[in-house]
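Welcome, and thanks for taking a look at this one. Below is a short tour of its charged pairs, one of its sheets and its core.

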Amino acid sequence: QLQLVESGGDLVQPGGSLRLSCDISGSAWPYYVVGWFRQAPGKEREGVSCISTEDDSTYYADSVKGRFTISRDNGGNTVNLRMNSLKPGDTAIYYCAVAPPIPVSTMKTLIPELFSFWGQGTQVTVSS
């Protein structure tokens, strides 16, 4: 049983920036991939980004590529999502989640069903 806690969500103006953090703790479940997902009202959950704990390789959805950056620190127990040039369409609840080892080709699909443990989410609202 793992515990994932997201933080950093806020109300920001279009063009602004935020940094989300995911703190992972609990049992020694061997997770190898950490992902960020988001869900807007009336929309299905979609993958945003993921990072491998094996080699720190990263992958991004086309909608955020070039604007968002995922990274790990704190001995690998914290995963951050730096979000720049935020748009109103980025408004959503953002979740982090962990997955066991999966092929790179699968990681890149950012399919939520591949991830085993989830945080409670943090609200990001982009509005003037």
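D90 is buried, with a relative accessible area of 2%. Please keep in mind that this is a predicted model. D90 makes a good starting point, as its side chain forms a salt bridge with R67, the closest N and O atoms lying 2.8 Å apart.

**Salt bridges**

- D90 sits in the loop between strand 8 and strand 9, and R67 in the loop between strand 6 and strand 7, so this pair ties together parts that are 23 residues apart in sequence.
- R67 is buried too, because its relative accessible area of 11% falls under the 20% cut-off.
- E46 and R38 also meet through their side chains in a salt bridge, at 2.8 Å from N to O.
- In that pair R38 counts as buried at 5% relative accessibility, whereas E46 is partly exposed at 34%.
- R38, E46, R67 and D90 are linked in a network of salt bridges.
- D56 pairs with R72 in a further salt bridge, with the closest N and O atoms 2.9 Å apart.
- D56 belongs to the loop between strand 5 and strand 6 (58-60) and R72 to strand 7, so the contact ties together parts that are 16 residues apart in sequence.
- D56 is partly exposed, with a relative accessible area of 42%, and R72 is partly exposed as well, at 27%.
- The count of salt bridges in the model comes to four.

**A buried acid without a salt bridge**

- E6 is found in strand 1, where it is part of the covered face.
- Which side chain of opposite charge is nearest to E6? It is R45, 7.8 Å away, and E6 is buried yet has no salt bridge.
- That distance rules out a salt bridge with R45, because the cut-off is 4 Å.
- What does the side chain of E6 reach instead? One contact is with the backbone nitrogen of Q120, at 3.0 Å.
- The side chain of E6 also reaches the backbone nitrogen of G121, at 2.9 Å.

**Strand 1 and its sheet**

- Strand 1 has two faces: L2, L4 and E6 make up the covered one, while Q3, V5 and S7 make up the uncovered one.
- Strand 1 and strand 3 run antiparallel and are joined by six bridges.
- Looking across to strand 3, L2 has G26 as its bridge partner, and E6 has C22.
- These strands belong to an open sheet of four strands with the order 1-3-8-7 and antiparallel pairing.
- Strand 1 and strand 7 are the edge strands, each pairing on one side only.
- On average, neighbouring strands of this sheet are turned by 15° against each other, direction ignored.

**The nonpolar core**

- In soluble globular proteins, nonpolar side chains tend to be buried together.
- The largest nonpolar core here holds 36 residues, and W36, F68, L81, M83 and Y94 touch the most other members.
- Elements giving two or more residues to this core include strand 1 (2-7), strand 3 (18-26), strand 7 (68-73) and strand 8 (78-83).
- Also on that list are strand 4 (33-39), strand 5 (46-52), strand 9 (92-99) and strand 11 (122-126).
- Which strand gives the most to this core? Strand 9 does, with six residues.

Terms used. Residues are numbered from 1 along each chain as its sequence is written. This is a predicted model: local features need pLDDT of at least 70, side-chain atom pairs count only at pLDDT 80 or more; totals for chains, interfaces and linings use all residues. Side-chain values use heavy atoms; hydrogens and water are left out. A nonpolar core is a set of buried Ala, Val, Leu, Ile, Met, Phe, Trp, Tyr and Cys residues joined through side-chain atoms within 4.5 Å. Buried means under 20% relative accessible area, exposed over 50%, partly exposed in between (1.4 Å probe, protein chains only). Two strands pair if DSSP finds at least two bridges between them. Axes are lines fitted to C-alpha atoms, for helices over the stretch in contact, and angles run from 0 to 180 degrees between N-to-C directions. Lys and Arg count as positive and Asp and Glu as negative; His and the chain ends are not counted. A polar contact is a pair of N or O atoms within 3.5 Å; within protein, one must be able to donate a hydrogen and the other to accept it, and residues adjacent in sequence count only if both atoms are side-chain atoms.
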